[in-house]
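Grab a pencil and work through these exercises with the model open beside you. Each one sets a task and then walks through a solution.

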Amino acid sequence: MASKKAAAKRGKTAQRGSSNVFSMFEQSQIQEFKEAFGCIDQNRDGVINKADLKETYAQLGKLNVSDEELESMLGEGKGPINFTVFLTLFGEKLNGTDPEETILAAFKLFDPNATGVVNKDEFRRLLMNQADKFTAEEVDQAFAVAPIDVAGNIDYKSLCYIITHGDEKEES
């Protein structure tokens, strides 16, 4: 009985400690992703590689997948694709979050002097008057998690991290 408690505790700690990605999904969704991962991980080594992808496509009847296509898919993981990376990739796709580098590049357009910050008031004006035109309430929601200094500047590098990885304060 003590070993069951220890195993359950280890499972919870590993899940909570490994990444915020697990909080993005319901437990039933995570189980479905585990099953999908297991189907793709043909050699059952815990990592999806090119051979696994090729075999999965072959089972689905698509035999003419190029190595370049497979490498491109694997490249999205920026390293070995274990289950956590797999879940993160789906989380980004399903939640519509762009990669951190893309968001940083967008902010840099508003920071020609490369200071690492953008003025909150100027950014509010841009958000409410350009492109998709945020409402005042939407801007306030975004600014609620934004790291804003006493001078009214947003540290956009930290904000990009929060957007792509979650707000660490939410987890405690």
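## Exercise 1: α7 against α8

Lys-120, Phe-123, Arg-124, Leu-127 and Met-128 in α7 meet Ala-136, Val-139, Asp-140 and Phe-143 in α8. Keep in mind that this is a predicted model.

**Task.** Sort the residues of the contact of α7 with α8 by class, then work out how the two helices cross.

**Solution.**
- Step 1: Sorting the contact residues gives six nonpolar, no polar and three charged.
- Step 2: Now the axes. Those of α7 (residues 120-129) and α8 (residues 136-145) come within 10 Å and cross at roughly 135°.
- Step 3: That angle makes α7 oblique to α8, because values over 145 degrees would be needed for roughly antiparallel.
- Step 4: As for handedness, α7 and α8 make a right-handed crossing.

## Exercise 2: α6 against α9

**Task.** Describe the packing of α6 and α9, and list who takes part on each side.

**Solution.**
- Step 1: Find helix α6 at residues 100-108 and helix α9 at residues 156-165; their axes are 9 Å apart, at an angle of about 145°.
- Step 2: This crossing of α6 and α9 is right-handed.
- Step 3: From α6 come Glu-100, Ile-103, Leu-104, Phe-107 and Lys-108, and these meet Tyr-156, Lys-157, Leu-159, Cys-160, Tyr-161, Ile-163, Thr-164 and His-165 from α9.
- Step 4: By class, the contact of α6 with α9 comes out as eight nonpolar, two polar and three charged residues.
- Step 5: Zoom in on Lys-108, which belongs to α6. Its C-alpha is 8.7 Å from that of Tyr-156, with the two positions 48 residues apart in sequence numbering.
- Step 6: Lys-108 has a relative accessible area of 46%, so it is partly exposed.

## Exercise 3: α3 against α4

**Task.** Do the same job for α3 and α4: angle, handedness and contact residues.

**Solution.**
- Step 1: The α3 and α4 axes cross at roughly 120° and come within 10 Å.
- Step 2: α3 passes α4 in a right-handed crossing.
- Step 3: On the α3 side you should pick out Lys-50, Leu-53, Lys-54 and Tyr-57; on the α4 side, Asp-67, Leu-70, Glu-71, Met-73 and Leu-74.
- Step 4: Counting classes for α3 with α4 gives five nonpolar, no polar and four charged residues.

## Exercise 4: Two loops

**Task.** Find where Gln-42 sits and which residues it touches beyond four places away in sequence.

**Solution.**
- Step 1: Gln-42 is in the loop that runs between α2 (27-40) and α3 (50-59).
- Step 2: Leaving out neighbours up to four places away, Gln-42 touches Asp-52, Glu-55, Thr-56 and Gln-59.
- Step 3: For a distance check, try Leu-53: it is 11 residues from Gln-42 along the chain, and their C-alpha atoms are separated by 8.2 Å.
- Step 4: Gln-42 is partly exposed, at a relative accessible area of 26%.

**Task.** What is the phi of Arg-44, and what is the phi of Lys-78?

**Solution.**
- Step 1: Start with the usual case: most residues other than glycine have a negative phi.
- Step 2: Arg-44 has a positive phi, near 55°. Look for it in the loop between α2 and α3, where it counts as exposed at 59% relative accessibility.
- Step 3: Lys-78 also has a positive phi, near 50°. This residue is in the loop between α4 (67-75) and α5 (83-95), and it is exposed, with a relative accessible area of 63%.

## Exercise 5: Cysteines and the whole chain

**Task.** Are Cys-39 and Cys-160 buried or exposed, and how many disulfides does the structure hold?

**Solution.**
- Step 1: Cys-39 has a relative accessible area of 53%, so it is exposed.
- Step 2: Cys-160 has 0%, so it is buried.
- Step 3: The disulfide count is zero.

**Task.** Step back and summarise the chain: how many helices and strands, in what pattern?

**Solution.**
- Step 1: Count 10 helices and two strands.
- Step 2: Reading along the sequence, you get α-α-α-α-α-α-β-α-α-β-α-α.
- Step 3: The chain has 172 residues, and 26% of them count as buried.
- Step 4: Take contacts between residues at least 6 apart in sequence: 50% of these join residues at least 24 apart.

Key. Residues are numbered from 1 along each chain as its sequence is written. This is a predicted model: local features need pLDDT of at least 70, side-chain atom pairs count only at pLDDT 80 or more; totals for chains, interfaces and linings use all residues. Side-chain values use heavy atoms; hydrogens and water are left out. A disulfide is a pair of cysteine sulfur atoms within 2.5 Å. Buried means under 20% relative accessible area, exposed over 50%, partly exposed in between (1.4 Å probe, protein chains only). Axes are lines fitted to C-alpha atoms, for helices over the stretch in contact, and angles run from 0 to 180 degrees between N-to-C directions. Angles under 35 degrees count as roughly parallel, over 145 as roughly antiparallel, 65 to 115 as roughly perpendicular and the rest as oblique. A crossing is left-handed if the near helix is turned anticlockwise from the far one by less than a right angle, and right-handed if clockwise. Contact means heavy atoms within 4.5 Å. Ala, Val, Leu, Ile, Met, Phe, Trp, Tyr, Cys and Pro count as nonpolar, Asp, Glu, Lys and Arg as charged, and the others, Gly among them, as polar.
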